Amino acid sequence: MLHAPSTSIRAKTPLLTLSGISKGFPGVRALAGVALEIFPGEVTALIGENGAGKSTLVKILTGIYQPDAGTIRLGGAEVSFRAAHDAAAAGITAIHQETVLFDELSVAENIFLGHAPRSRFGLIDWPAMRRNAAALLDRIGARIAPETRLRDLGLASRHLVAIARALSVEARIVIMDEPTASLSHKEIAELYELIERLKAEGKAILFISHKFEEIFRISDRYCVFRDGECVGGGMTAETDHNELVRLMVGRSVDQIFPKTAAEIGAPVLSVSGYSHPTEFEDIGFELRRGEILGFYGLIGAGRSEIMQALFGITRASSGTLRIDGKAARIRTPAEAIAQGIVYVPEERGQQGTIAGLPIFQNITLPSLAKTSRAGFIRLAEEFALAREYTARLNLRAAALDRDVGTLSGGNQQKVVIAKWLATRPKIIILDEPTKGVDIGSKAAIHAFMSELAARGLSIIMVSSEIPEILGMSDRVIVMREGRIVASLPREGLGAEMLVRAAAGIREAA
Amino acid sequence: MSSAKRTPMVIPDRLESRFAAGLKSWEMLLIAVALAVFAVNALASPHFLNPWNLSDATFNFTEKAMIAMAMALLIIAGEIDLSVAAIIALASTAMGLALQFGADTPVLVLTGLATGLLCGAFNGLLVSGFALPSIVVTIGTMSLFRGIAYIILGDQAFTGYPSEFAYFGQGYAWWVFSFELALFAAIALAFGILLHATSFGRLVYAIGNNPTGALFSGIRVARVKFILFLLTGLMSGIAAICLTSRLGSTRPSIALGWELEVVTMVVLGGVSILGGSGSILGVVIAAFIMGMVTFGFGLVNVPGIVMSIFIGLLLIAVIAAPILWRRLRGEGFA
């Protein structure tokens, strides 16, 4: 749409046209004036970093969210989707990373749930349903019996069932949200075949991915998302890796990262040969005093899993840990805390805060031994500790005895960080520290991280946000598929290097 | 959040005093209900205000209320134990067996306590050790424990407990105050302190509000839950001693259906059935209310089956009422 391909003779009228689509959430601008065209018989790839707005767009297209502004035209006529069934009725269907299917039902029931063929008496016409299901499965080349219970199928077969379901509603537009994320090579090849078949039937396919090889393998058009905008697009055949990387990363980092130079001291934590049966393998790195070590990678690269093993939530199957040069074993979070390692989780609501408990009690929870005497709690000490650390983090709250669940995301994150600082740790692991946090709190958290590093705390920061990684880290470890693929110093570090390493693209000429 | 100025802000510890918050609490409402029940009983029967009658009334609830203290902690932590009445049956049967082998009173007491602890440990092991849902585990052990009691006793009964053993269920500590009432007061005080004044109590609330968050905060969640099951088993053992002593005999059907009355007491006391909130004071007041209502029904000759219907309705009402009450209060603050 930016540079119309003059070579293409196939180009015709788009099936779906989005223009000026905007969507905001409190404190976040998810989409800002997105324009996109999707053509029948073509695969349009949607590319972008995590949080670029791809999922929000999918939710708007499937009627789960309503846009704040903009129009959606379907075959020339303007439409609006008030609910998921409106989008389904218009022939738009989505296959998600984890499509909602029902384990206890048969394949045929899963395919026709909600729109099963009816007999004359209004009852479900079972023979017709089985016949239609078999025909659909046959059409996509799936060798699955319609009577099979879904729970007896593997992941790839479930995908096929989800696709059959998508086709059963006579979808004209099929959205695939990272469909290959958990498939084997053979299964991916089968999926590609199926996509070709759907294309031949004239379906328009919106293919969301951040894997470069599959975008070049399967898509006809592409559109790159960044910060809620479509920053570039065109025919896939006319672009290359370099251009896509450049578009994804953008030019400038317009946020201010107050990373100050900190004196980097002796190693505090040394990890070597750290492995887990399924999540990560042969991880080795060193963390030094006063250092901010960034961990970059795509979602599912195994970063959080390593951190949770270091914190004693899960257990590594092999490998050694040294803390301050001494061999250490961590089997439970309590042991990690005792060794001075604390973890600010990504899933703030579920793992970070304890909604229902007041702010001050959240903060003192791991420090109760300090604020109590002989097992008896002392409220005055608790409030004093909570006051000290909430002031340092510039928390905004009505009172310290308010339920932590009433705070905004950013302020909840400050409470979680305050909770851990109150234990006086040596090492703090921050997993996506500013995810879902408003701009103001984000800056406050970044400033505070710098201050902590300057005082000699060692910080591991897991982040999928390139500007944050570039702005805050002294050194960056890049992970891909459970392994460390690069360890890069701050000097000369660029966004493109990170994206290449994380996606497994070799240096292009 | 749009204010551009980021001056450090002084956050007050509390918005309202604990006294002001206390006045608006569920416990205050319970006290009002207790007074109303007391007044109705006093008007309904001229015998109600007699001190000895009032003392008799306490036997209606003291044993259940002892278990309710431990059950309150368990429910606050997000778990439940439905096997408590069956533990009474098994502990009482164990004491009866010990009696057949010539045990004296101290050995009988130890037998009751040990059986309660063992049953609690078994529940706790299944729930914390194997991460099974407590409602399923304890429905299972409810049948298991009482089933063992039935196998041992059949349709027989153990009788002939020594006379000094009778003190626990029939003795008086001072004037009209029974040993059971005094014991309950001591237990209530101990559990009140444990829940509201110790670090352990804080962990119970944390686990009940968010077990995953508690784990990620370094709390040994499984160990805390195990201790709570152990305490509930111990309280059931103590209740078994009191009840066996009061009845002077053991039948396998002893304390049948008590688990529901204990849970009703706890929930009426303001403990959220979903876990995370509640107080010992509330459960103590609820115990008195239920005891007085039962006694009042007895005074005006209401048949037992009506009492059973009443308990059922009360259970439904008290599960709904705190939710509605909080919704009402919540709207007031919003």
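**Exercise 1. Find how strand S13 of chain A is joined to strand S20 of chain A, and in which direction the two run.**

Solution.
Step 1. Locate the strands: S13 covers residues 292-297 and S20 covers residues 458-462, both in chain A.
Step 2. Look for the links. In this predicted model, 4 bridges join the two strands.
Step 3. Read the directions: the strands run parallel.
Step 4. Pick out one facing pair. Ile292(A) stands opposite Ile459(A) in S20(A).

**Exercise 2. Place S13 in its sheet: give the strand order and name the edges.**

Solution.
Step 1. Write the order. It is S16-S19-S20-S13-S21-S22 in chain A, an open sheet of 6 strands.
Step 2. Classify the pairing: it is mixed.
Step 3. Find the strands that pair on one side only. These are the edge strands, S16 (341-344) and S22 (483-489) of chain A.
Step 4. Add the twist, which averages 20° from one strand to the next.
Step 5. Now add a helix. H15 (residues 409-421) of chain A lies across S16 and S19 (427-431). Helix H15 runs at about 175° to S16(A).

**Exercise 3. Describe the open sheet of chain A that contains S3, and the helices that touch it or lie across its strands.**

Solution.
Step 1. Write the order: S6-S7-S8-S3-S9-S10, 6 strands with mixed pairing.
Step 2. Name the edges. They are S6 (92-95) and S10 (229-235) of chain A.
Step 3. Give the twist. From one strand to the next, the average is 20°.
Step 4. Check one strand pair. S3 (residues 43-48) and S8 (residues 204-208) of chain A run parallel and are joined by 4 bridges. Thr44(A) faces Leu206(A) in S8(A).
Step 5. Add helix H1 (residues 54-61) of chain A. H1 packs on the sheet and touches S3, S6, S7, S8 and S9. Its direction makes about 135° with that of S3(A).
Step 6. Add helix H5 (residues 155-168) of chain A. H5 lies across S6 and S7, at about 175° to S6(A).

**Exercise 4. Follow S14 of chain A to its partners S11 and S15.**

Solution.
Step 1. Start with S11 (residues 267-275). 5 bridges join S11 to S14 (residues 318-323) in chain A, and the two run antiparallel. Ser272(A) stands opposite Thr320(A).
Step 2. Go on to S15 (residues 326-328). 3 bridges join S14(A) to S15, again antiparallel. Leu321(A) has Ala328(A) as its bridge partner.
Step 3. Inspect the hairpin of S14(A) and S15(A). There are 2 residues between the strands, and Asp324(A) takes a positive phi near 50°.

**Exercise 5. Characterise the contact between chain A and chain B.**

Solution.
Step 1. Count residues: 44 of chain A are in contact with 32 of chain B.
Step 2. State the area. The chains bury about 3200 Å² between them, 56% of it on carbon and sulfur atoms. On the chain A side, Ile354(A), Ile377(A) and Arg396(A) lose the most area, together 17% of what that side buries.
Step 3. Count the polar links. There are 2 salt bridges and 14 residue pairs in polar contact. Arg387(A) forms a salt bridge with Asp13(B), with the closest N and O atoms 2.9 Å apart.
Step 4. Ask which element of chain A gives the most to this side. H14(A) does, with 5 residues.
Step 5. Sort the residues of the chain A side: 23 nonpolar, 14 polar and 7 charged.

**Exercise 6. Test whether Lys199(A) and Glu196(A) qualify as a salt bridge.**

Solution.
Step 1. Take the cut-off: the side-chain nitrogen must be within 4 Å of the carboxyl oxygen.
Step 2. Compare. The closest N and O atoms are 3.9 Å apart, and the pair forms a salt bridge.
Step 3. Locate the pair. Both lie in helix H6 (residues 185-200) of chain A, 3 residues apart, about one turn of the helix.

Conventions: Residues numbered from 1 in each chain as written. Chains lettered and ligands numbered in written order. Predicted model: local features only at pLDDT ≥ 70, side-chain atom pairs only at ≥ 80, totals over all residues. Heavy atoms only, no water. Pairing = 2+ DSSP bridges. Axes fitted to C-alpha atoms, helices over the stretch in contact; angles between N-to-C directions. Contact = heavy atoms within 4.5 Å. Buried area = accessible area lost by both parts, 1.4 Å probe. Polar contact = N/O pair within 3.5 Å; in protein donor to acceptor, adjacent residues only side chain to side chain. Nonpolar A, V, L, I, M, F, W, Y, C, P; charged D, E, K, R; others polar.
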